[in-house]
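Q: Could you go through this structure with me, a bit at a time? I am new to this, so plain sentences would help.

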Amino acid sequence: MLARPSPGWRRVVAVVVDYGSIVLCLGVLSVLGVFSFAIGAVTTTVATPTGRVLAQLVIFAVLTVPVTVWLAGWEASPGGATPGKRLLGLVHQVFVETADH
């Protein structure tokens with residue numbers, strides 16, 4: 001039996017739910033960044049080329065890597081779907097046909 005594709009709006013809502021949680025995390029990181037600037041723990045200027053590269057690496061490590069690991073972790077979990085997909089019932093089902101059928 002072939003499964004029917006789900007309506008596009010459900011997939012859009014699932015993405016909004018998933019990225020809504022990512023934006024929430026980004027908001028927390030932004031508050032922490034503003035607090036760090038306020039107490040002088042982080043410099044506000046990056047003047048050297050090495051400093052710019054280091055700043056880009058830090059941003060990559062703080063934003064890109066966690067989001068990628070979070071989404072990949074959900075997809076690789078036994079349920080095989082992100083929270084938005086699970087909420088809207090877009091969980092993948094894999095059917096294996098055997099020689100008996």
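Q: Is Leu88 buried or exposed?
A: This is a predicted model, and in it Leu88 is buried, because its relative accessible area is 17% and the cut-off for buried is under 20%.

Q: Where in the chain is Leu88?
A: Leu88 sits in the segment that comes after helix α3, the helix covering residues 83–87.

Q: Okay, and which residues does Leu88 touch, leaving out those up to four places away in sequence?
A: With those left out, Leu88 touches Arg10, Val13 and Ala14. There is also a C-alpha distance to look at here, since the C-alpha atoms of Leu88 and Arg11 are separated by 8.1 Å although the two residues are 77 apart along the chain.

Q: How much of the chain's contacts comes from residues that far along, say 24 or more positions apart?
A: If you take the contacts with a separation of 6 or more, residues 24 or more positions apart account for 51% of them.

Q: Let me step back, then. How many helices and strands are there?
A: The chain has three helices and zero strands, so that, reading from the N terminus, the order of elements is α-α-α.

Q: And what share of the residues counts as buried?
A: The chain has 101 residues, and 13% of them count as buried. The area that the chain exposes is about 8100 Å², with carbon and sulfur atoms supplying 72% of that area.

Q: Changing topic: which residues make the nonpolar surface patch?
A: The patch is made by Leu26, Leu54, Val58, Ile59, Val62 and Leu63, and together they form an area of about 480 Å². Helix α2, which runs over residues 49–76, gives the largest share of this patch, namely five residues.

Q: What about Ile59, how exposed is that one?
A: Ile59, which is found in helix α2, is partly exposed, with a relative accessible area of 44%. That value explains why Ile59 can be part of the patch, because patch residues need over 30% relative accessible area and Ile59 has 44%.

Q: Which residues lie nearest the centre of the largest pocket?
A: Phe37, Val42, Ala55, Val58 and Ile59 lie nearest its centre, out of 18 residues that line the pocket. The volume of this largest pocket is about 510 Å³.

Q: Which helix gives the most to that lining?
A: Helix α2 gives the most, with seven residues, while α1, covering residues 8–39, and α2 each supply at least two residues of the lining.

Q: New topic again: how many salt bridges does the structure hold?
A: The structure holds one salt bridge, and it is formed by Lys85 with Glu75, whose closest N and O atoms are 2.7 Å apart. The pair links distant parts of the chain, as Lys85 is in helix α3 and Glu75 is in helix α2, ten residues apart.

Q: Why can two side chains like that pair up?
A: Side chains of opposite charge can pair when their charged atoms come close.

Q: How exposed is Glu75?
A: Glu75 is partly exposed, and its relative accessible area is 32%.

Q: Last one: where is Gly79, and what is it in contact with?
A: Gly79 is in the loop between α2 and α3, and, leaving aside neighbours within four places in sequence, Gly79 is in contact with Arg86 and Val91. Gly79 and Val91 are twelve residues apart in sequence, and their C-alpha atoms are 7.0 Å apart in space. Gly79 itself is partly exposed, with a relative accessible area of 26%.

How values were computed
Residues are numbered from 1 along each chain as its sequence is written. This is a predicted model: local features need pLDDT of at least 70, side-chain atom pairs count only at pLDDT 80 or more; totals for chains, interfaces and linings use all residues. Side-chain values use heavy atoms; hydrogens and water are left out. Patches are made of residues with over 30% relative accessible area and no salt bridge: like charges are joined within 9 Å, nonpolar side chains (Val, Leu, Ile, Met, Phe, Trp, Tyr) within 5 Å. Accessible areas come from the Shrake-Rupley method with a 1.4 Å probe; for residues, only the protein chains shown count as cover. A salt bridge is a side-chain nitrogen of Lys or Arg within 4 Å of a carboxyl oxygen of Asp or Glu. Helices (H or I, at least four residues) and strands (E, at least two) are DSSP runs, numbered from the N terminus. Buried means under 20% relative accessible area, exposed over 50%, partly exposed in between (1.4 Å probe, protein chains only). Contact means heavy atoms within 4.5 Å. On a 1 Å grid over the protein atoms alone, a cavity is a set of points where a 1.4 Å probe fits but cannot get out, and a pocket is an open set with protein on both sides within 12 Å along at least five of seven lines; lining residues have an atom within 4 Å of a point. Grid points are joined across faces, edges and corners, and a volume is the space filled by probe spheres set on the points.
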